[in-house]
Structure formats: C-alpha cells, structure tokens
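Trainee: Got a minute to go through this model with me? I'd like to start with charged pairs.
Mentor: Fine. Put it up.

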Amino acid sequence: QNWDDHDRSHRFVARDASCNLLESCEKGAILFTWGDNDTFPVWYVQQVEQVRTDVEVYNVNLYGYRQSMQLLNDNLGKRPIYLSYYAQEEFRPFVNCVATGYAYRIDAQLDDSVDVAMMYDNVMHKMQWQEVNRAYIDEVSARFLDRYWQGVILLANRLAASGESKKAEQVLCKTLQEISLKAIRNPQTLYDVQQMFSQLNMPQSSSLKAEVR
C-alpha cells in the first residue's frame, strides 16, 4: 500500500553524496566526518567501489574528539585536512574552514569561506548526482541535497561578484539539471536560487519563480 510513496529505486543520494564528499578532497587528504549519515556511505564507496581510497577517513564520534584534535594538529601543514558539513560545525570555532565543494578544507591562508577555483572545478568536473529527479526523496536525503544547493548558490555568488557570470550560470544550470527544485524543501534555499537566477538575468528565472511559489 505504501510502495508508491516509499519506492527506493533510482535513489543514489547516499552514495553520490559520499562520492562528492571524497571528490571535494585533494589527493592524500585526511577527512573528518561526524555521525552515521556522512560516514557509513563513505566507507561503503571506498571499500566496495574503491572510490578515492587515497583519502583517510576518521569519524570523530568513534575516533574520539581529543584524538581527532591531536591528529589534526599533528598534520596541519603536512597533509590537506578536510571536514564534512557536520564535522566543520564542530571544528569551526577553532580553525578556518573553506568550502571546496561538498567538503571544507582547513586553511589558515585563504581569507574567504570558499576556494572558488577549486570548488568550481569540483562542481563542474568531479561531482554529480544520479537520477535525483526520478527518486523518492526522504527527509535526510532532502537535507543533503539542500546543503549541496546552498553551496552552489554561495559559489555562484562569489563567481558573479568577481565578474565571472558565465561560470556562475554554468554551475547553476548543471545543478538544476541534476537536482530539480522539487527535491528541495527549504523555502529559503528555493528563494535564494530564484534570486540568483534573476540577478544573472537567466531565462529560467520566470519558470523558477513559478516553481518556488
């Protein structure tokens, strides 16, 4: 009876979010995760699909907060260190976090919250979402997709502000093609997307406005 509302076929959000998290990291990086949802799928894609096995993954909850801080301090300046969204919320008071896609790099040198060049390259060439517009999207998946859209909006804003409107349009169009706004449940994100398209005078803005309403 509930099959129509809970069909899990075509849903790859957990897998793709994990691949995108790993693909946001430089080669040989250390990646700190926090909680089950952004850890277990990462272990799956590494151990089963052999995706980015060069990245060392540490779950702060399992490894221990004190040990994680010691590992972080021991490797700062020696290896690239990245954080998942939830991990960066915990570490942000102590370190400068820079968005590189679906992950955040600890970086004391870059005076911005976004590594625009790296994030643009990752979004356009390394990160992807499969069949999102065909799948049933539960609340957890919706939060992961919403977070991705928020990052894309931030990137598009930075690109537009630096005079690279064409690149801003590219990241918006690619993301819209992969993740329809029907999968987004956060009204603020929907509004921000529509505002970004309008700011860039993109032809999709009128249809997006109708979809947001």
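Trainee: Is D107 buried or exposed?
Mentor: D107 counts as buried, because its relative accessibility is 13% and the cut-off for buried is under 20%. Keep in mind that this is a predicted model.
Trainee: Which residue does D107 pair with?
Mentor: R105, in a salt bridge whose closest N and O atoms are 2.7 Å apart. R105 is buried as well, at a relative accessible area of 9%.
Trainee: Why would two such side chains pair at all?
Mentor: Opposite charges can pair when the charged atoms come close.
Trainee: Which residues are joined into a network by shared salt-bridge partners?
Mentor: R15, D16 and E49 are linked into one network that way.
Trainee: And how many salt bridges does the structure hold?
Mentor: There are 12. One of them joins R52 and E23, with the closest N and O atoms 3.5 Å apart. R52 sits in the loop between α3 and β2 and E23 in helix α2, so the pair ties together parts that are 29 residues apart in sequence.
Trainee: What about accessibility for R52 and E23?
Mentor: R52 counts as buried at 16% relative accessibility, whereas E23 is partly exposed at 21%.
Trainee: Where are E56 and R79?
Mentor: E56 lies in strand β2 and R79 in the loop between α5 and β3, so their pairing ties together parts 23 residues apart in sequence. Their side chains meet in a salt bridge at 2.9 Å, N to O. E56 counts as partly exposed at 31% relative accessibility, and R79 is partly exposed too, at 26%.
Trainee: Back to D16 for a second. Where does D16 lie, and what does D16 touch?
Mentor: D16 is in helix α2 and counts as buried, at 1% relative accessibility. Setting aside residues up to four places away in sequence, D16 touches Q128, W129 and Q130.
Trainee: W129 rings a bell. Which residues have the most contacts inside the largest nonpolar core?
Mentor: W129 is on that list, along with F32, L145, W149, L172 and I179. The core has 65 residues, and its largest share, 11 residues, comes from α8.
Trainee: What is W149 in contact with?
Mentor: Leaving out neighbours within four places in sequence, W149 contacts L172, T175, L176, I179, L181, I184, T189 and V193.
Trainee: T189 next, then. Where is T189 found?
Mentor: In helix α10. T189 is buried, with a relative accessible area of 3%. Not counting residues up to four places away in sequence, T189 touches D146, W149, Q150, I153 and I184.
Trainee: Different topic: helix α9. What should α9 span, and what does α9 span in the model?
Mentor: Helix α9 has 14 residues, 165-178, and at 1.5 Å a residue should span 20 Å. The end C-alpha atoms of α9 are 20 Å apart, which agrees.
Trainee: Which residues of α9 are buried?
Mentor: A168, V171, L172, K174, T175 and E178. They cover an arc of only 165° around the axis, which puts them on the same side of α9.
Trainee: What do the buried residues of α9 pack against?
Mentor: They pack against α7, α8 and α10. On the face of α9 turned away from its buried side are the exposed residues K166 and Q177.
Trainee: Now cysteines. How many disulfides does a search of the whole structure find?
Mentor: The search finds 0. C97 is in no disulfide, and the nearest cysteine sulfur, that of C25, is 13 Å away. A pair would have to be within 2.5 Å to count.
Trainee: Are C97 and C173 buried or exposed?
Mentor: C97 counts as buried at 1% relative accessibility. C173 is partly exposed, with a relative accessible area of 29%.
Trainee: Last one: where is N37?
Mentor: N37 is in the loop between β1 and α3, and counts as partly exposed at 45% relative accessibility.
Trainee: What is N37 in contact with?
Mentor: V140 and F144, leaving aside neighbours within four places in sequence. N37 and Y86 are 49 residues apart in sequence, and their C-alpha atoms are 9.9 Å apart in space.

Conventions. Residues numbered from 1 in each chain as written. Predicted model: local features only at pLDDT ≥ 70, side-chain atom pairs only at ≥ 80, totals over all residues. Heavy atoms only, no water. Helix = DSSP H or I, 4+ residues; strand = E, 2+ residues; numbered from the N terminus. Expected span 1.5 Å × (residues − 1). Buried < 20%, exposed > 50% of the residue type's maximum accessible area, 1.4 Å probe, protein only. Arc of directions from axis to C-beta. Contact = heavy atoms within 4.5 Å. Salt bridge = Lys/Arg side-chain N within 4 Å of Asp/Glu carboxyl O. Core = buried A, V, L, I, M, F, W, Y, C linked by side-chain atoms within 4.5 Å.
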